[in-house]
Structure formats: structure tokens, C-alpha cells
Amino acid sequence: MIVNNAFAKPIPHRGNAEKPSISKILFGEVEGQQIYQYTLKNSSGMLAKIINYGATITDIITPDKNGKMGDVVLGFDSLKQYLGRDNALLGAVVGRVANRINNKRFTLDGKEYILASNIHGGPRGFDKKIWAIEEVPGNKEVALKLTYLSRDGESGYPGNLNVTIIYTLTNNNEFKLTYSATTDQPTPVVLTNHTYFNIAGTTDKVVNTELTIPADQYLEADKDNMPSGKLLDVKGTPFDFTQPKLIGKDITVTDNQLTWGRGYDVTFALRNTTGKLALAATAYEPTSGRILQCYTTEPGVVVYTGNHLNEKIIGRGKPFTQWGALCLETMHFPDSPNHSNFPKVILRPGETFNSQTVYKFSVRK
């Protein structure tokens, strides 16, 4: 049963116009459980909205160069749309292993595991789960702590995995995603968020957004976007974003990976290999003047330009369009359990998986 409550009034919480606040409304019901939309608001009026279905980011509302507020991520009006087949993973957390696993299988400590799917954690991955949420108020920042227990055997993965994600909105217009996880059996863990950014605040094509990626290599992949294991140099290719470049400049260039993907859907190997927070991407949209800087502790970022979005998918009353968004999915490399030369993704008992990504918003006037 799904109940949508478009006219629900916010439930009052701590905070006022002078300091950060947290509020929530009933967003619907699924599997007998209530789904709430939480709103984080900072001291300058920036908003981030999250639902506990899929730990999904539904809205990020920031000012443009003229101070006009606009939603810079694609999203839906109703829970029913987030539950639908055409949800495109909008804003959701993806796991237990994000992106691809070749042939739906991997071998760990001599045992082969067969998975429910070769992509994005399976048809009942973390994006389809109902997460517990705890509010974390504060004066300089506000946060939500989301938790989920992925049980042994879920989607074919071994071990009970306790996952925590903290979404934090700071007064400096930073939106932080902090992940942690522990397990009772060895298991691969690759977590990311699948938010679709359009920093113009529209659903128009992002081809005139300027993008910079500090990466000298990208992963070679086949027609199914499965990595071969080789890292190729970006120099002299359409994948060179080491200097600011319009997304649309090379998106139609004849190149197998661009042709197969119908646009950019590529994993970049970032220069930062320290595991410490570092810049992974900068996007600038000249009409709005908005700048999005993405920082991460992860070794890679998948750049996806909404290649499979189309006008049949309607979000907030507007049709989507191919290349109508930019995803910056920070993560370890796809199919890592099957490539010994890739950074390791196996989490073992007694260890803690830790990862952080920060999306920082500003403007250029």
C-alpha cells in the first residue's frame, strides 16, 4: 500500500530562521512502514531533503548568482515515482557493491559467490531499503544519521553488514556524505550515492556546464561498461577533463565507450590515492553562476551524464531529457573483487569501512 500526502504540514522541530533546523513531513507509506521526507536547513537558507526509502536525496536547494533559490538535483514529487521502475536510482544510496560485478560472481577466500545481479547491488539493493533515521541537531551544522542492517546472504553477499550514513549540511553550504560499515564475515563493500545534479536548476541538457576532473587515467570498459582491468591515459581522448571543458564539447565524438554508453559513463582514477579528502571534480554553470565542488576520500569517480534519461520520465512536473544531469558517483572501481590490480574493497571482521564525500556549493558572479 502506498499513501502519498502532498498536503502534509511540517512537523515542528528545533531551530528557527537564525540557526540551522530539521523538519519532516510524511511522504508516504510502503510495506506498512511510514516514509518521511526530512529537510535540513542551514543558516543561509540552503536546503537538503532526504527520505528514508533508499536513503534518497530528493532535493538540494541552493542560491544562484542573483540569490535566487533553485533545486539543483533531479527528483520526483511522490513516493510512488521513487518506487517505480523508471526511478533511475535518483538520489539513492547504492550498495552493497555499487556499479558492476562481472558475470554476477566473485571469489573470496576460495569460495565463489553468485549474486542476484551484476549491477548496483541487485534488484533489491540498498536503494530499495527502508533506513532508520536519527536527527542530529546543531548550531553550525545539522545532520541525519541513517542506518541499515544488510543481512548475510542478501542479494548473494556474505556477512551481516551494519551500514551507517550521515548526511550533514553545514553553514558553509557543504553537503557531506559520511559512510561507515562493519561486518561479521569478509565481504566486498562499495558504496556511493546516485544523485543527478543539474546546477542550472533546470532539467535542460548539461552540455554547457563546465567540468574539471583531476584524473590522468580512466578505466577501459566494454559495451556493457564492464572494466577490462586496464587504466588508460586521458590525454588526447574525449575523457580529458584535466582542464575546464564543456561537457558537450566531446560528448558526440566517435569513441567506443561514448558510443556504447550514449554519452559519458566512465570511471576516472583520481590522482588522490591517500584515502584523505581531496578534490575530485568541479562543475560550473555560467547562466546560474553556480559552482559545485566534489571532494572525496575515494580513489575513483564515475561521471554519468544521464544518458538514459528521456521525456517519458517526469520529475516535478517536467520531463527529463538525455544528458539532462551530471552524476558524480565517488567510489572504488567497478568489478574490483575480480581485479587484483584495483584498490581493495574487501571488508573483514574487526575492520571498519570509512568513506566521505562532500559536495560544496558556491557562486561566481
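Before you click anything, one cut-off: buried means under 20% relative accessible area, exposed means over 50%, and partly exposed is what falls in between. Also keep in mind that you are looking at a predicted model.

**Stop 1: histidine 120.** Select His120. Its relative accessibility is 13%, so by that cut-off histidine 120 counts as buried. You'll find histidine 120 in the loop between β8 and β9. Check the backbone while you're there: phi of histidine 120 is near 50 degrees, a positive value in a residue other than glycine.

**Stop 2: lysine 128.** Stay in the neighbourhood of that loop. Lysine 128 lies between β8 (111-114) and β9 (132-136). Is lysine 128 buried or exposed? It counts as buried, because its relative accessibility is 18% and the cut-off for buried is under 20%. Now show its contacts: leaving out neighbours within four places in sequence, lysine 128 touches Tyr53, Asn87 and Pro123.

**Stop 3: the largest pocket.** Switch on a pocket display. The largest pocket holds about 640 Å³ of space. Of its 30 lining residues, those closest to the centre are Leu89, Arg100, Ile119, His120 and His308, so put sticks on these five and centre the view there. Colour the lining by class and you get 10 nonpolar, 10 polar and 10 charged residues. Which element gives the most to this lining? That is helix α2 (residues 256-261), with three residues.

**Stop 4: glycine 261.** Follow helix α2 to glycine 261, which lies in it. Glycine 261 has a relative accessible area of 15%, so it is buried. Beyond neighbours within four places in sequence, glycine 261 is in contact with Asn307 and His308. You've met His308 already, as one of the residues closest to the centre of the largest pocket. For a distance label, pick the C-alpha atoms of glycine 261 and threonine 305: they are 9.6 Å apart in space and 44 residues apart along the chain.

**Stop 5: the β6-β7 loop.** Jump to arginine 96, in the loop between β6 (93-94) and β7 (105-108). The peptide bond to look for runs from glycine 95 to arginine 96: it is cis, with omega near 15 degrees. Lysine 104 is in the loop between β6 and β7 too. Its phi is near 60 degrees, again a positive value in a residue other than glycine. Lysine 104 is partly exposed, because its relative accessible area is 34%.

**Stop 6: the nonpolar cores.** Hide the loops and go inside. The largest nonpolar core has 61 residues, and Tyr167, Phe175, Ile213 and Phe268 have the most contacts inside it. Strand β11 (residues 161-170) gives the most to this core, with five residues. Apart from it lies another core of 18 residues, among them Phe27, Phe76, Tyr304 and Cys327. Then zoom in on isoleucine 213: not counting residues up to four places away in sequence, it touches Phe241, Thr242, Phe268, Leu270, Ala280, Ala281, Val301 and Val303.

**Last stop: zoom out.** In cartoon view, the protein shows two helices and 27 strands. Its radius of gyration is 20 Å, close to the 21 Å from the globule rule for 365 residues, so the protein is as compact as a globular protein of that length. The C-alpha trace spans about 55 × 45 × 40 Å along its principal axes. Of the 365 residues, 55% count as buried. And if you draw a contact map, take the contacts between residues at least 6 apart in sequence: 65% of them join residues at least 24 apart.

Note on methods:
Residues are numbered from 1 along each chain as its sequence is written. This is a predicted model: local features need pLDDT of at least 70, side-chain atom pairs count only at pLDDT 80 or more; totals for chains, interfaces and linings use all residues. Side-chain values use heavy atoms; hydrogens and water are left out. On a 1 Å grid over the protein atoms alone, a cavity is a set of points where a 1.4 Å probe fits but cannot get out, and a pocket is an open set with protein on both sides within 12 Å along at least five of seven lines; lining residues have an atom within 4 Å of a point. Grid points are joined across faces, edges and corners, and a volume is the space filled by probe spheres set on the points. Helices (H or I, at least four residues) and strands (E, at least two) are DSSP runs, numbered from the N terminus. Ala, Val, Leu, Ile, Met, Phe, Trp, Tyr, Cys and Pro count as nonpolar, Asp, Glu, Lys and Arg as charged, and the others, Gly among them, as polar. Buried means under 20% relative accessible area, exposed over 50%, partly exposed in between (1.4 Å probe, protein chains only). Contact means heavy atoms within 4.5 Å. A nonpolar core is a set of buried Ala, Val, Leu, Ile, Met, Phe, Trp, Tyr and Cys residues joined through side-chain atoms within 4.5 Å. The radius of gyration is taken over C-alpha atoms; the globule rule is 2.2 Å times the number of residues to the power 0.38.
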